[in-house]
Structures are given as structure tokens and as C-alpha cells.
Protein chains: 2
Amino acid sequence: MEHQDAAKKLSELGHTTRLAIYRLLVKSGPEGLSVSDLQAQLDIPGSTLSHHISRLVNSGLMVQKRQGRVLLCVACFPALMDLVNYLLEECCTTPDQGSNGKS
Amino acid sequence: MEHQDAAKKLSELGHTTRLAIYRLLVKSGPEGLSVSDLQAQLDIPGSTLSHHISRLVNSGLMVQKRQGRVLLCVACFPALMDLVNYLLEECCTTPDQGSNGKS
DNA sequence: ACTATATTTCTAGAATATTGGAATTATCAT
DNA sequence: ATGATAATTCCAATATTCTAGAAATATAGT
């Protein structure tokens, strides 16, 4: 993962409302949640919610697919995993013992 | 980890410069790096660097310990791990098979 | 075509973050 | 005490983000 890309994703997750959205999506798995489902759970104005959703989509952390009038939001698990890996990449490396965690 | 706390940490990591600082610290392990080491590697004005460092410290992602004239910066690994766990907490739960990844 | 529901886009004011120069504090050596 | 190095705090300009009402778009049913 690119540094800029990782920073952007972290920044998007670093907002109370967006983190709440994202966790609801992660929890709901590949089936996702509709925008109205999210709005019902979060109780915020539609325009505000839409703004945050579009930022999450834009950063590649989630995707949307339309089903009739409803827009489903689904978390991108691979993107999340890549992000976590980027954070932990250099972690737990113990150069003084000559072993590292890289593959 | 508290939701607000997690959001704050993610937000702090969600900035190119701070993420760069943090990765250098993670890479350098428990020995850490001095502020001047960081400045030498990042090539930014001291006041700017200091501002970003103080945000990382304030969010609990790193600590500073003075050694003479030098201030060492050290990443807080447990905080990072907690954060990652918070992100993945509800992940990979597959209710239709009755198994989940929780310990 | 008309209506209702679902969601986004537009807009603008308020709030917050970013940046870096200048001044300041802290520590050590002479 | 003076000087040098290390780092922070203060300040102000600039930029970005957040919020939510109002208007617009999309889809489906009648």
C-alpha cells in the first residue's frame, strides 16, 4: 500500500461518525447495509451521512451497489487488511536477534 | 478501546507526516528516535515537527523520554495493537457458520 | 404522468487543522 | 555566566473539514 493512500484511509477512519459507519459495515459483513439502515442507526441528517459515506467510498474503504431504490454499502475487507498490514509492517522486527517477520 | 479514543488515534495517524513519523518509530523499535533524528529524516521545520509529535503523544500513540538534551520518541506498541484490534473486532465473524474469531 | 421513497449534490457558514518563522525553554560544557 | 545544541511554544495566515437545509436526481409503484 502507498503511503499517501494509507494516510488517507486512516484519516477517513479517524472521524467518530465515519468510524461508526465503518464498524457497522464490518459487522454486517459482505451483505452490507443500506444508507437508510445506517441513517436509522446513527440518527444524523441524510446530507451529512451521504458526505461521510462518499469519503469512505472515495478512499477505497467501502463500495456501494444499488438494489432498486436502495443503495447497499459494503466494507472492503481487503483494503482494511492492507491498511492494518501497512501499520504493522515494520513492527515486531527484532534486528538484534537476526529474525524478522517479513515473508 | 473507547470509540472516541480509537477515532482520535486513527485521525492522528491519518496525516502523511505523522504517519511517516510513526512508521519510523515503529521501525526503530523500543529504542526509539530523537526529535533531531526524525527531523533529519523528514526534512521539515522544527516547529511543524514538534506540533505533529505532540499530537501523537497526546493521542497515546507514542511517548517521549528525555536523555540529556535529547528527547527520545518511542512508539507505544500496545496502543497500536489495541487500535488494530478495535478495527478488526467485528471482522471475519461468520454468523451463518456459528464460528467467530474472538478469543 | 404522478407520487412516494431513497439518496445525492449544492451551498455556505462555522469549526478545526496545518504550516513555519520568531521567541522561548531546557540541558550541557567551558 | 556564556555559548551551543535540542526542542517547544506562540502566533497568524492559509487551507481543509464538518454540518445540515434546500434543491435535485434516481427508482419503483399506480
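A residue counts as near a molecule or strand if its C-beta atom, placed from the backbone, lies within 6 Å of it. Keep that in mind while looking at this predicted model.

By that rule, 23 residues surround DNA strand C. The closest are V35(A), S36(A), S47(A) and S50(A), plus S47(B) from the other chain. Which elements give two or more residues to this surface? In chain A they are α3 (35–42), α4 (46–58) and β3 (70–75), and chain B adds its own α4 (46–58). The top contributor is α4(A), with six residues.

Now zoom in on how α4(A) sits against another helix of its chain. Two packed helices are described by the angle between their axes and the distance between the axes. For α2 (residues 16–28) of chain A and α4(A), the axes come within 10 Å and cross at roughly 70 degrees. Angles of 65 to 115 degrees count as roughly perpendicular, so that is the label for α2(A) and α4(A). The crossing is right-handed. On the α2(A) side, the contact is made by T17(A), R18(A), I21(A) and Y22(A), while α4(A) brings H52(A), I53(A), R55(A) and L56(A).

Here is the make-up of the two surfaces by class:

| Surface | Nonpolar | Polar | Charged |
|---|---|---|---|
| Near DNA strand C | six residues | 14 residues | three residues |
| Contact of α2(A) with α4(A) | four residues | two residues | two residues |

Finally, the two protein copies. Chain B lands on chain A after a rotation of 180 degrees with 0.0 Å of shift along the axis, at an RMSD of 0.0 Å. The copies are therefore related as by a two-fold rotation axis. Both use the same surface: 95% of the contact residues of chain B recur in chain A.

Methods: Residues are numbered from 1 along each chain as its sequence is written. Chains are lettered from A and ligands numbered from 1 in the order in which they are written. This is a predicted model: local features need pLDDT of at least 70, side-chain atom pairs count only at pLDDT 80 or more; totals for chains, interfaces and linings use all residues. Helices (H or I, at least four residues) and strands (E, at least two) are DSSP runs, numbered from the N terminus. Ala, Val, Leu, Ile, Met, Phe, Trp, Tyr, Cys and Pro count as nonpolar, Asp, Glu, Lys and Arg as charged, and the others, Gly among them, as polar. Copies are superposed by least squares on the C-alpha atoms of residues with pLDDT of at least 70 in both. Two residues are in contact if their C-beta atoms, placed from the backbone, lie within 7 Å. Axes are lines fitted to C-alpha atoms, for helices over the stretch in contact, and angles run from 0 to 180 degrees between N-to-C directions. Angles under 35 degrees count as roughly parallel, over 145 as roughly antiparallel, 65 to 115 as roughly perpendicular and the rest as oblique. A crossing is left-handed if the near helix is turned anticlockwise from the far one by less than a right angle, and right-handed if clockwise.
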